Amino acid sequence: MSRPFLDFYTKLDVIPTHQDISDLQNHFNRRHGLYIQLGVPPLFIRNCSVLEFGPGTGQNAIVTASSGPSEYVLVDGNSKSIETTTETLRPFFDKVPIQIIKDDILTYTSDKKFDLVLCEGLIPVQLDPSGFLKHVASFANKGGVVVITCMDSVSVLSEALRRYLCYYECSPATEVKERIAKLTVFLKPHFEKLPGMSRRHEDWVIDNIIHPWAGSLLSVSEAIQTLAGEFVVLGSNPHFMSDWRWYKNIVGEEVASVSRAENSYWRNLHSFLDFRAVFGERDVEVNKKFFAYADKIYQKIMEQDKQNVLYPMAELAADLTELKALLNEPSSRTSLALEEVIQALTTYQGTWPDFPEFGALWGRGQQYISFMKL
Ligand SMILES: C[S@@+](CC[C@H](N)C(=O)[O-])C[C@H]1O[C@@H](n2cnc3c(N)ncnc32)[C@H](O)[C@@H]1O
């Protein structure tokens with residue numbers, strides 16, 4: 001089976017992760033804000049050894065290199081990524097010991113362990129995301145930090161629904177460059193409603209609509225379970241975790257306990273559906289049911305995309321109606337957006353209407369989570 005990202009990017013000869021960083025100060029502020037939420041302030045990075053998997057274009061690596069690590073190793077399997085990352089980091093070559101290695105992450109080995117291991121935007125949709133995560137995390141030093149991103153079928157539901165609309169807007173049989181161009185135009189009104197969109201529109205289409213997403217997602221809960229026993233949760237973005245224990249009570253086995261982090265995830269999962277919304281915590285069991293609906297919709301849309309197994313519009317409309325009821329926020333903009341899709345599905349006559357509400361519905365896509373090795 002073809003490898004997600006690697007074989008796809010190589011076939012298209014692209015590396016679709018360019019961000020607009022013309023305002024460099026803004027880029028640094030964004031990245032530092034993220035790292036602070038993850039418990040990795042810039043001073044932590046100074047003089048620590050860093051291993052980054054899948055740097056893409058290396059634009060985020062500029063910020064890491066600027067913090068002055070003692071050593072910075074970057075591994076990517078895409079030649080274009082290696083070229084671009086090398087050019088991007090060239091100004092740092094005389095300041096920081098940097099090694100840029102072309103390799104498949106899954107076969108990469110090293111005798112060294114690192115203080116900080118970064119793996120952003122590439123574990124979900126791998127063929128075996130948990131195995132991938134275990135491999136990535138195995139390079140962390142004791143006391144070191146691993147930063148990864150997660151996605152689940154609630155946080156990417158808006159992307160999945162866009163995939164569905166795109167399937168009918170422009171057949172997957174269309175020549176790929178033509179399809180990218182047409183879908184970029186089709187989704188333009190949606191991109192214009194997303195504040196802070198720093199990626200090229202075409203890149204977003206390649207990565208989220210055209211890329212087959214061959215493997216499975218990896219939720220925060222699955223990531224926590226994968227590393228439980230060897231790692232504790234340090235931080236996240238969004239910062240949905242709460243822990244009201246008094247520090248003096250965190251002793252013995254409690255130090256390694258990750259159940260609170262997992263519980264916080266489940267209690268807040270419904271807010272992952274819409275980046276604008278914070279719905280307030282709710283019962284774990286209700287959100288597990290909510291997740292099951294989102295997952296069913298996600299799997300069926302992907303099945304249609306990958307295997308051409310049709311997901312009839314009436315069936316998707318019925319599933320979305322159930323999901324909306326379980327969200328239980330009838331007057332929210334999220335519900336209005338879902339209702340707009342349900343209406344479009346039930347009245348479809350060969351063209352989609354404008355989506356003034358759904359166009360503005362963007363999920364919390366990928367969540368960042370950091371772990372410390374015990
Ligand atoms: C979506 S990009 C993410 C880039 C960057 N980390 C970011 O968040 O903007 C994924 C990157 O990981 C690389 N990649 C994915 N799977 C890989 C694998 N198995 N081995 C090596 N590189 C891989 C791709 O070549 C690409 O550069």
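A residue is termed buried when its relative accessible area is under 20%.

**Figure 1. Burial and exposed surface of the predicted model.** Of the 374 residues of the protein, 54% meet the criterion for burial. The area exposed by the protein is about 16600 Å², of which carbon and sulfur atoms supply 53%.

**Figure 2. Secondary structure and overall dimensions of the protein.** The fold comprises 14 helices and seven strands. The C-alpha trace spans about 60 × 50 × 40 Å along its principal axes. The radius of gyration is 21 Å, which agrees with the value near 21 Å for a compact globule of 374 residues. Of the contacts between residues at least 6 apart in sequence, 74% join residues at least 24 apart.

**Figure 3. Charged side chains of the protein.** The protein carries 37 positive and 46 negative side chains. The centres of these two sets lie 2 Å apart.

**Figure 4. Surroundings of C119.** The protein has zero disulfides when a bond is taken as two cysteine sulfur atoms within 2.5 Å. C119 accordingly belongs to no disulfide, and the nearest cysteine sulfur, that of C150, is 10 Å away. C119 counts as buried because its relative accessibility is 0%.

**Figure 5. Surroundings of C170.** The closest cysteine sulfur to that of C170 belongs to C166. The two sulfur atoms are 8.4 Å apart, which is too far for a bond because a disulfide requires them to be within 2.5 Å. With a relative accessibility of 4%, C170 counts as buried.

Key: Residues numbered from 1 in each chain as written. Predicted model: local features only at pLDDT ≥ 70, side-chain atom pairs only at ≥ 80, totals over all residues. Heavy atoms only, no water. Helix = DSSP H or I, 4+ residues; strand = E, 2+ residues; numbered from the N terminus. Rg over C-alpha atoms; globule rule 2.2 N^0.38 Å. Buried < 20%, exposed > 50% of the residue type's maximum accessible area, 1.4 Å probe, protein only. Contact = heavy atoms within 4.5 Å. Areas by Shrake-Rupley, 256 points an atom, 1.4 Å probe, with all protein chains shown as cover. Lys, Arg positive; Asp, Glu negative; His and termini not counted. Charge placed at Lys NZ, Arg CZ, Asp CG, Glu CD.
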